[in-house]
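Here's a quick tour of one model, written up for someone who likes to check the numbers. Have the structure open as you read.

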Amino acid sequence: GIGYRAGGIAKVLDLVGPSFTKEIFFTGRQFTAEEALQMGLINRMVEADQLHWAVSEYCQTIAANAPLSIKAVKKIIAELTRRDAAPDWKLCEELVEECFASDDYIEGRRAFMEKRKAVFTGK
């Protein structure tokens with residue numbers, strides 16, 4: 001007897017597509033981790049005893065990347081997945097230009113040429 005709001009259904013639909021969305025809402029059943037992985041509800045599975053290590057490594061990998069690039073990608077993805085309006089293409093382009101105009105861009109290129117790991121500052 002639960003009514004599901006269109007906004008919530010839309011989020012699931014964007015994530016897993018129409019077939020899996022129907023299965024999720026029509027059956028109301030719990031899905032295994034393997035099924036959730038297949039649907040795209042989760043990106044990866046790890047054993048319970050490896051969870052802390054896997055999350056720590058995942059976070060360190062993200063943190064080692066250029067903060068301005070991560071920020072830009074997060075905002076661009078948010079723009080591209082908006083349902084209330086068309087993406088703000090100008091904003092998306094400005095975010096990319098900010099990355100190219102940054103000290104981090106120079107550092108990334110320099111580190112690549114010197115075959116070393118870049119040290120980004122977010123500037």
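## Asp14 and its partner

Asp14 has a relative accessibility of 48%, so it counts as partly exposed. Keep in mind that this is a predicted model. The side chain of Asp14 meets that of Arg83 in a salt bridge, with N and O 2.6 Å apart. Asp14 sits in helix 1 (residues 6-27), while Arg83 is in the loop between helix 4 (67-80) and helix 5 (89-100), so the pair ties together parts that are 69 residues apart in sequence. Arg83 itself is exposed, because its relative accessible area comes to 55%, and the cut-off for that label is over 50%.

## Other salt bridges

How many salt bridges does a search of the whole structure find? The count is 8. As a reminder of the chemistry, side chains of opposite charge can pair when their charged atoms come close.

Arg116 takes part in a salt bridge with Glu107, where the closest N and O atoms are 2.7 Å apart. Arg116 also forms a salt bridge with Glu114, again with 2.7 Å between the closest N and O atoms. Their burial labels go like this: Arg116 is partly exposed at a relative accessible area of 34%, Glu114 is partly exposed at 47%, and Glu107 is buried at 13%. Elsewhere, Glu23, Arg29 and Glu35 are joined into one network by salt bridges that share partners.

## The bend in helix 1

Helix 1 is worth a look if you're fitting axes. A straight helix of 22 residues would span 32 Å at 1.5 Å a residue, yet helix 1 spans only 18 Å between its end C-alpha atoms. Where does helix 1 bend? The bend is at Gly17 and amounts to about 120°, with a proline, Pro18, following within four residues. Just after helix 1 comes Gly28, which takes a positive phi of about 65°.

## What helix 1 buries

The buried residues of helix 1 are Ala10, Val12, Val16, Gly17, Thr21 and Ile24. Helix 2 is included in what covers them.

Take Val16 as one of these. Val16 is buried, because its relative accessible area is 10%, and buried means under 20%. Not counting residues up to four places away in sequence, Val16 touches Thr21, Ile24, Met39, Gly40 and Leu41. For a C-alpha distance to check, Val16 and Ala36 are 9.6 Å apart in space and 20 residues apart in sequence.

Is Thr21, also in helix 1, buried or exposed? Thr21 has a relative accessibility of 6%, so it counts as buried. Leaving aside neighbours within four places in sequence, Thr21 is in contact with Ile9, Val12, Leu13 and Val16. The contact between Thr21 and Val16 joins two residues of helix 1.

## A nonpolar patch on the surface

Which residues make the nonpolar surface patch of about 230 Å²? Val46, Leu51 and Val55 do. Val46 belongs to the loop between helix 2 (33-39) and helix 3 (51-63). With a relative accessibility of 40%, Val46 counts as partly exposed, and the patch takes residues with over 30% relative accessible area and no salt bridge, so Val46 can be part of it.

Conventions
Residues numbered from 1 in each chain as written. Predicted model: local features only at pLDDT ≥ 70, side-chain atom pairs only at ≥ 80, totals over all residues. Heavy atoms only, no water. Patch = residues over 30% accessible without salt bridge, like charges linked within 9 Å, V, L, I, M, F, W, Y side chains within 5 Å. Areas by Shrake-Rupley, 256 points an atom, 1.4 Å probe, with all protein chains shown as cover. Salt bridge = Lys/Arg side-chain N within 4 Å of Asp/Glu carboxyl O. Buried < 20%, exposed > 50% of the residue type's maximum accessible area, 1.4 Å probe, protein only. Expected span 1.5 Å × (residues − 1). Bend = angle between axes of the 7 residues up to and from the residue. Contact = heavy atoms within 4.5 Å.
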